[in-house]
Amino acid sequence: MRIPCPYCGARDAHEFAYLGDATLTRPDPAAADAADRFHDYVYLRDNPAGRHQEWWYHANGCRQWLRLTRDTRTHAIEAAEPARRDATQADMPGAAS
Amino acid sequence: MSRLNRNRLEAGGLIDRARPLDFVFDGHRYHGYAGDTLASALLANGVRLVGRSFKYHRPRGIFSAGAEEPNALVELRADARREPNSRATVTELFDGLEATSQNRWPSLGLDLLSLNRFLAPFLGAGFYYKTFMWPAAFWEKLYEPVIRRAAGLGRAAREADPDHYEKATAFCDVLVIGAGPAGLMAALAAGRSGARVILADEDFLPGGRLNTMAGEVHGQPAAAFAAHVAAELASLPNVRLMTRTTVFGVYDGGTYGALERVADHLAVPAPFQPRQRLWRIVARRALLAAGATERPIVFGGNDRPGVMLAGAVGTYVQRHAVLPGRHVALFANNDGAWREMLDAAATGANVETVVDVRPNVAPELVEAARARGIRVFTEARVIATQGRTLRSFDVLSPGGRERLAADTLAVSGGWSPCVHLTCHHGGKPAWNEALAAFVPGATPPGLAVAGAANGTFGLGAALREGAGKGAEAAGALGFPVPPLDVPQVEDAPFALTPFWHVGESRGPAFVDLQNDVTAKDVGIAHAEGFRSVEHLKRYTTLGMATDQGRTSNVTGLAIMASLTGASIPETGTTIFRPPYSPVALGALAGHHRGKDFRPVRLTPTHEWARAQGAVFVETGAWLRAQYFPRKGERDWLETVSREVKAVRASVGLIDVSTFGKIDLQGPDAGTLLDRVYINTFSTLAVGKARYGVMLREDGFVMDDGTTARVAPEHYVMTTTTANAAKVYQHLEFCLQVLWPELDVSLASVSEQWAQIAIAGPRSRQVLAKIVDTGVDVTNEGLPFMGAVEARVMGGVEARLFRLSFSGELGYEIAVPARSGAALAEALMQAGEEFAITPYGVEALGVMRIEKGHVSGNELSGQTTARDLGLGRMASTKKDYIGRVMASRPGLVDPARPCLAGFRPVNGSSRLRAGAHFLPLGARPETANDEGYMTSVAYSPHLGHWIGLGLIVRGPERIGERVRAYDPVRGEEFEVEICAPGFIDPEGERLRG
């Protein structure tokens with residue numbers, strides 16, 4: 001599989017570490033039902049056949065976490081965005097300096 | 001020499017008669033020429049019997065001239081280089097080649113195990129599953145060893161492979177797989193556009209079918225035309241022509257696996273040359289032009305040496321100038337095979353008979369055959385063969401039954417496109433009724449198919465399709481494709497009547513020659529209900545092993561279809577998965593074998609330690625000094641005990657550079673640390689260090705280590721050696737995903753800093769001697785847990801930490817990695833007067849157990865901070881990763897095993913890590929299990945063994961005795977629970 005890293009370009013999947021579902025949000029630890037919500041956050045995962053948003057870490061590259069949108073059936077990658085949503089074009093390689 | 005090649009034509013072929021080669025088969029010396037395969041050279045020498053079959057030990061000969069070969073498998077080379085199941089048909093002949101036939105005992109000619117033939121009734125379909133079922137105990141002791149001896153393929157080498165294998169990656173715009181007519185034209189069209197092209201072919205000579213056919217292309221012999229195109233491709237700087245390279249798999253994202261046989265055609269690879277190279281080819285577009293494989297017709301005695309695919313007969317005659325026999329007959333169902341035989345006859349083969357199952361054959365073919373004196377039988381079939389190697393065969397025709405002489409029977413049931421690679425992403429091939437063959441269905445993204453692989457069997461059409469699809473691939477990528485002058489070749493009409501199995505056969509009729517699966521076996525599978533194609537395969541083994549049913553799959557399917565009454569497409573086809581052809585494990589491993597399985601990391605003081613006589617140990621990827629034996633020491637225990645005593649009495653040093661080191665800078669660095677550690681770091685004073693524990697989000701301990709604040713917005717974290725990369729990744733996750741609003745920058749500096757610990761009552765005096773003037777290392781200037789930046793050894797920047805893992809007064813000195821060895825030397829010199837002692841990780845381990853510190857054995861991923869006695873460190877004033885989950889009832893259960901110390905009741909007992917704790921007198925069963933010993937050491941300080949372990953309610957049970965039960969070693973001993981911390985529990989030594 002080739003992952004189009006927004007910083008490094010297309011790279012082999014062996015350079016990356018996989019974490020899983022990128023749609024989860026760390027619950028508010030102060031919430032009254034924090035224990036239940038953390039349980040779901042830590043343990044419950046869907047296993048969709050199809051479109052999936054997931055975290056990949058470019059361990060042997062730029063060390064950035066990427067949010068990939070990938071089809072789990074075909075491994076086709078629709079999007080690879082930096083985890084930091086506020087990452088700007090200026091952070092990207094080739095940006096005018 | 002040609003006198004000895006009694007079946008060699010005087011002229012022609014793509015062999016170099018000026019380059020004779022010697023080789024040995026089964027101990028006999030033979031001669032061949034450059035350009036031969038082992039198979040063609042054996043045939044040239046009249047060797048027809050080359051192996052024994054898998055189950056029944058039937059004599060077998062060469063069946064094909066390519067990668068599809070089911071029979072001619074040999075052990076190639078000898079001793080450590082012995083390689084079983086090498087296909088003689090694709091083994092390039094080299095001088096000194098040594099090959100041995102397989103699966104025969106004691107010799108190929110006299111094979112006592114051919115008695116298996118008489119056992120055939122018991123070895124039929126599904127015999128694995130039903131014949132030897134009872135009694136069960138007999139399976140392991142009797143049946144399996146006997147079957148394994150009798151049924152099998154070659155023998156693997158018993159020594160390590162002396163050759164080396166490497167891996168490489170290549171990128172291209174257009175990958176063309178197969179350098180036959182379609183592939184050559186595709187590569188030419190794409191190559192002339194300027195696209196980066198890789199053309200890979202498994203043969204050593206590009207050209208494919210062009211090399212095996214008679215006739216001309218573009219006004220020159222077909223093979224010369226192929227050579228001409230290949231020469232142009234080789235001259236283009238943007239084209240890479242890779243011969244001897246098999247593309248075996250299609251992976252995601254346009255990634256292709258390929259195996260290049262770099263030195264398989266040499267007796268021994270040249271110095272530093274790999275034997276094989278595993279390629280990962282990343283292609284924006286790819287074109288499969290892998291050709292097609294001829295398939296046989298199944299009839300009685302069709303496995304007799306001398307029965308050979310018609311295309312193979314053509315190949316041996318045209319390409320290798322070898323006559324496979326003196327009296328050739330053909331059994332076919334298609335026009336192409338007739339033309340192949342007529343061409344062979346024109347080149348010099350003595351073709352005597354043609355048997356065709358069709359009632360009507362094109363009159364011009366029949367006339368051409370008769371003009372050559374060939375007897376023609378139409379609406380006829382071969383029903384039996386005779387001879388040790390083929391001597392004669394029986395024909396059944398409307399005219400009756402007749403026995404005819406022949407030593408070579410060419411057979412052709414049509415052609416199957418090599419669709420394998422198109423199926424690697426799950427695509428299913430589609431049945432083409434007109435061709436009676438599976439053609440590519442849905443292909444992997446970016447992969448197109450051309451030529452015979454696409455069912456385009458005509459040569460002219462294949463050339464045109466290749467050129468067109470090559471241009472299309474390059475054009476789609478934006479390359480300007482100049483028009484290509486495609487040679488005009490007239491295609492003979494394709495005429496074939498599907499015919500699979502001669503029902504009137506006498507004697508076993510083999511579908512799968514490699515696995516000895518007969519048409520009758522397919523019938524048994526059908527009768528017993530194993531009708532699905534996947535069941536058929538597993539029940540009969542049809543299509544398994546090295547050839548993966550290249551010549552048998554479609555035929556097997558067709559026979560099953562005729563039994564069930566379903567059509568062939570309804571019956572389906574088995575799934576093709578990578579690899580397309582066998583890939584040696586050595587090639588997949590590449591250089592990652594033995595000590596090179598993964599890189600070894602050396603500490604900055606490695607050479608120094610070696611000079612000190614260190615014994616090294618692998619800890620993760622690192623090689624660390626384990627201990628430093630001295631002359632006269634009897635064993636490692638004596639050495640380690642001496643090192644421990646030296647530290648406790650005076651001073652010692654150890655390289656601790658392997659710890660992970662992470663540099664954190666920014667206004668929010670303290671906040672980040674507060675959120676990842678259970679304790680607080682934002683309040684840590686500049687110039688101080690603190691021990692921290694971090695959890696996973698599920699509440700279990702992930703890692704520990706000390707973190708120092710060297711400036712208000714600058715922290716330096718240490719992690720355990722094993723978790724350095726994991727913790728760094730975790731911190732980046734926290735910063736980039738969980739809390740992107742935090743302003744912190746991270747850098748891994750594990751490699752940049754060398755760090756040496758000195759420990760013992762004299763360590764301050766040693767340190768004082770290496771720091772530069774003005775650096776205060778007194779108890780006031782550098783108190784316990786102090787961390788300062790300073791200069792040492794005359795201007796070398798350094799960080800000094802007053803830390804201790806051993807329980808003694810201790811320091812860690814960090815300097816740039818390049819100065820690590822110099823620091824070790826300087827410390828040795830400075831400590832000479834105190835008899836400073838280098839110590840290794842064993843002594844370090846002993847001292848940390850004596851002190852009661854947890855380490856990797858206790859940080860097992862299954863322990864909480866509370867389990868490890870570190871629960872009180874957890875802040876209650878803030879949130880941190882793992883806090884919520886760590887408070888789950890199961891994790892705060894007071895009955896959880898917790899850290900405790902252990903000492904033997906009988907002082908001389910050796911303790912064992914891994915021993916489980918049981919109440920005294922309790923039976924050794926899970927219900928009574930109270931925990932286990934995690935770490936043990938012999939304490940030279942106490943003079944007996946000590947241990948750390950996890951035991952239910954440990955801290956409440958100090959003084960209680962329990963049973964430590966070690967069934968693995970068959971030992972047990974009584975131990976007393978004590979507080980962890982066998983030495984200086986008040987920590988006076990640390991602070992003094």
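Biologist: Where in chain B does UniProt put the feature "domain: SoxA A3"?

Modeller: Keep in mind that this is a predicted model, while the domain label comes from an unreviewed UniProt entry. Over the stretch it covers, chain B is 46% helix and 6% strand, with the end C-alpha atoms 42 Å apart. The record places "domain: SoxA A3" at residues 509-590 of chain B.

Biologist: And what are the helix and strand percentages over residues 606-878 of chain B?

Modeller: That stretch carries the UniProt label "domain: GCVT N-terminal", again from an unreviewed entry. Its end C-alpha atoms sit 43 Å apart. For residues 606-878 of chain B, the figures are 27% helix and 29% strand.

Biologist: Which strands does E35 of chain B pair with?

Modeller: Strand E35(B), residues 660-665, is joined by six antiparallel bridges to residues 714-719, and there B:Lys661 has B:Thr718 as its bridge partner. Four more bridges, also antiparallel, link E35(B) to residues 745-748, where B:Asp663 stands opposite B:Ala747. The partners are E38(B) and E39(B).

Biologist: Let's step back to the whole chain. What share of chain B counts as buried?

Modeller: Chain B has 992 residues, folded into 23 helices and 50 strands. Its C-alpha atoms fill a box of roughly 115 × 70 × 55 Å along the principal axes. Among contacts with a separation of 6 or more, 66% are between residues 24 or more positions apart. The buried share is 54%.

Biologist: How far apart should the ends of helix H7 of chain B be, and how far apart are they?

Modeller: H7(B) runs over residues 335-347, which is 13 residues. At 1.5 Å a residue, the helix should span 18 Å, so the model agrees with that expectation. The end C-alpha atoms are 19 Å apart.

Biologist: What covers the buried residues of H7(B)?

Modeller: The buried set is B:Gly336, B:Ala337, B:Trp338, B:Glu340, B:Met341, B:Leu342, B:Ala344 and B:Ala345. Just past the helix, B:Gly348 takes a positive phi of about 135°. The cover over the buried residues includes helices H6 (310-318) and H8 (363-371), along with strands E18 (328-332), E19 (351-356) and E24 (408-412), of chain B.

Biologist: Which strands are at the edges of the E21-E22-E23 sheet in chain B?

Modeller: This is an open sheet of three strands with antiparallel pairing, and the twist averages 25° from one strand to the next. E22(B), residues 392-397, shares six bridges with E23(B), and B:Leu396 stands opposite B:Arg401 in E23(B). An edge strand pairs on one side only, and here those are E21 (381-386) and E23 (400-405) of chain B.

Biologist: What is the strand order in the five-strand open sheet of chain B?

Modeller: The edges are E2 (28-34) and E6 (83-87) of chain B, each pairing on one side only. The twist averages 40° from one strand to the next. Inside the sheet, E5(B) (73-76) and E7(B) (97-101) are antiparallel and joined by three bridges, with B:Leu76 partnered by B:Ala99. The pairing is mixed, and the order is E2-E1-E7-E5-E6.

Biologist: Now the other chain. Why does A:Trp56 count as buried?

Modeller: A:Trp56 is found in strand E4 (residues 51-57) of chain A. Apart from neighbours within four places in sequence, A:Trp56 is in contact with A:Ile3, A:Phe16, A:Tyr18, A:Leu66 and A:Leu68. A residue needs 20 or more other C-beta atoms within 10 Å to be buried. A:Trp56 counts as buried because its C-beta neighbours inside 10 Å number 24.

Biologist: How far is A:Trp56 from A:Asp33 in space?

Modeller: In sequence, A:Trp56 and A:Asp33 are 23 residues apart. Taken from C-alpha to C-alpha, the distance in space is 29 Å.

Biologist: Which element gives the largest share of chain B's side of the contact with chain A?

Modeller: The contact takes 18 residues from chain B and 19 from chain A. On the chain B side, the elements giving two or more residues are helices H18 (724-738) and H22 (883-886). By character, that side divides into seven nonpolar, five polar and six charged residues. The largest share, six residues, comes from H18(B).

Terms used:
Residues are numbered from 1 along each chain as its sequence is written. Chains are lettered from A and ligands numbered from 1 in the order in which they are written. This is a predicted model: local features need pLDDT of at least 70, side-chain atom pairs count only at pLDDT 80 or more; totals for chains, interfaces and linings use all residues. The expected span of a helix is 1.5 Å times one less than its number of residues. A residue is buried if 20 or more other C-beta atoms lie within 10 Å of its own, exposed if 12 or fewer, and partly exposed in between; C-beta atoms are placed from the backbone. Two residues are in contact if their C-beta atoms, placed from the backbone, lie within 7 Å. Ala, Val, Leu, Ile, Met, Phe, Trp, Tyr, Cys and Pro count as nonpolar, Asp, Glu, Lys and Arg as charged, and the others, Gly among them, as polar. UniProt positions are given in the numbering used here, feature names are shortened, and annotations may be inferred rather than shown by experiment. Two strands pair if DSSP finds at least two bridges between them. Axes are lines fitted to C-alpha atoms, for helices over the stretch in contact, and angles run from 0 to 180 degrees between N-to-C directions.
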